[in-house]
Amino acid sequence: MTVDSYKFLPRSMRLAYEAVPAIDEPPAWAPLPKPLRRCTIALMTSAGIYLRDSQEPFDTEREKQEPAWGDPTFRVIPRSVRSADVACSHLHISHDDLLQDVDVVLPVRAFSALEAEGRIGSLADEHYSLMGYQDRRLEDWRNVQGPEIAARLKERAVDVLLLAPA
Amino acid sequence: MPVLARVIETLGIPTVTVTMMPDLAMKFRLSRVVGVEFPFGHNFGTPGNDAMMLAVARAACQALEEAGAPGYRLDLDLEWPVPLEVAYRSWQPPHPSPIVAQMLKRREG
């Protein structure tokens with residue numbers, strides 16, 4: 001089947017997304033460095049989750065004052081995270097289901113199962129959360145958070161990153 | 001988020017993107033895209049549905065192994081288990097986001 005990318009969206013949002021032009025840049029590509037059964041995988045969500053007892057929420061107050069701005073920072077989420085540890089500061093989606101079960105956006109259980117059966121080498125110890133609504137220029141993500149997260153992944157010998165835009 | 005995938009992949013780390021909007025992801029010329037016909041905020045399924053989450057995770061693994069060049073797309077044949085008229089509303093925030101509220105205000109004005 002072909003996924004309808006806009007099935008659950010209001011018509012105005014569908015039209016806006018359909019009008020987005022393709023970028024005029026070369027495709028991004030890095031090959032797998034080794035068989036998947038030996039790779040370490042990290043997860044990234046843009047659902048705006050954070051650890052309620054130890055991390056700051058994303059800055060929704062500034063976004064309310066400047067609606068075209070979005071907080072570009074990221075939070076490190078440990079593999080041991082439980083749904084009860086998590087809060088969410090994302091003004092563009094409902095929080096109900098992901099607070100009930102954070103694995104709907106950060107699937108630690110599923111990848112732990114794949115690790116246990118040997119389908120992947122291992123699931124990384126740390127994962128990443130961002131808030132998906134951003135300034136259109138995306139300069140912070142391009143120049144600051146993107147390189148910073150890539151460096152963290154390399155320091156931790158992570159081979160693959162799975163991204164789940166919320 | 002596609003820009004993060006591009007930046008991180010360009011710095012040498014392969015990525016796979018599991019997205020509700022594969023059409024948009026392809027416009028950003030990502031390496032490996034897995035499309036799911038799910039509402040926003042639910043990349044891997046409904047709460048507690050471990051079978052569905054595992055199916056999506058397995059598809060990501062398949063994409064990582066099968067893709068031999070950028071522009072790979074794998075759409076999953078998984079039906080969202082909530083009626084459309086309910087799902088259409090339930091992913092949306094309780095209040096319009098600031099940018100949507102601003103647009104609505106301008107439209108009314």
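**Exercise 1. Charges**

How far apart are the mean positions of the positive and negative charges of chain B?

*Solution.* The model is a predicted one. Chain B carries 10 positive and 11 negative charges. The mean positions of these two groups are 13 Å apart. For chain A, the corresponding sets hold 20 positive and 26 negative side chains, and their centres lie 5 Å apart.

**Exercise 2. Secondary structure**

Determine how many helices and strands each chain contains, and give the order of the elements.

*Solution.* Begin with chain A, which has five helices and seven strands. Read from the N terminus, its elements follow the order α-β-β-α-β-β-α-α-β-β-α-β. Next, consider chain B, where five helices and three strands are found. Its order from the N terminus is α-β-α-β-α-β-α-α.

**Exercise 3. Overall dimensions**

Decide for each chain whether the radius of gyration agrees with that of a compact globule or exceeds it.

*Solution.* Take chain B and its 109 residues. The globule rule gives 13 Å for this number, whereas the radius of gyration of chain B is 16 Å, well over that value. Chain B is therefore more spread out than a compact globule. The C-alpha trace of chain B spans about 50 × 30 × 20 Å along its principal axes.

Now take chain A, with 166 residues. A compact globule of that length would have a radius of gyration near 15 Å, and the 17 Å of chain A agrees with this. Its C-alpha trace spans about 45 × 40 × 35 Å along the principal axes.

**Exercise 4. Burial, contacts and surface**

State what share of residues is buried in each chain, then describe the contacts and the surface.

*Solution.* In chain A, 51% of the 166 residues count as buried; in chain B, the share is 57% of 109 residues. Consider next the contacts with a separation of 6 or more. Residues 24 or more positions apart supply 76% of these in chain A and 48% in chain B. Finally, chain A exposes about 7,700 Å², with 47% from carbon and sulfur atoms. The accessible surface of chain B is about 4,700 Å², and carbon and sulfur atoms account for 56% of it.

**Exercise 5. Cysteines**

Establish how many disulfides are present over all chains, and examine A:Cys39 and A:Cys88.

*Solution.* A disulfide is a covalent bond between the sulfur atoms of two cysteines. The cut-off for the sulfur pair is 2.5 Å, and by this rule the count over all chains is zero. A:Cys39 is in no disulfide, and the nearest cysteine sulfur, that of B:Cys61, is 9.8 Å away. A residue is buried when its relative accessible area is under 20%. A:Cys39 has 0% and is therefore buried; A:Cys88, at 11%, also counts as buried.

How values were computed
Residues are numbered from 1 along each chain as its sequence is written. Chains are lettered from A and ligands numbered from 1 in the order in which they are written. This is a predicted model: local features need pLDDT of at least 70, side-chain atom pairs count only at pLDDT 80 or more; totals for chains, interfaces and linings use all residues. Side-chain values use heavy atoms; hydrogens and water are left out. Helices (H or I, at least four residues) and strands (E, at least two) are DSSP runs, numbered from the N terminus. The radius of gyration is taken over C-alpha atoms; the globule rule is 2.2 Å times the number of residues to the power 0.38. Buried means under 20% relative accessible area, exposed over 50%, partly exposed in between (1.4 Å probe, protein chains only). Contact means heavy atoms within 4.5 Å. Accessible areas come from the Shrake-Rupley method with a 1.4 Å probe; for residues, only the protein chains shown count as cover. Lys and Arg count as positive and Asp and Glu as negative; His and the chain ends are not counted. The place of a charge is taken as NZ of Lys, CZ of Arg, CG of Asp or CD of Glu.
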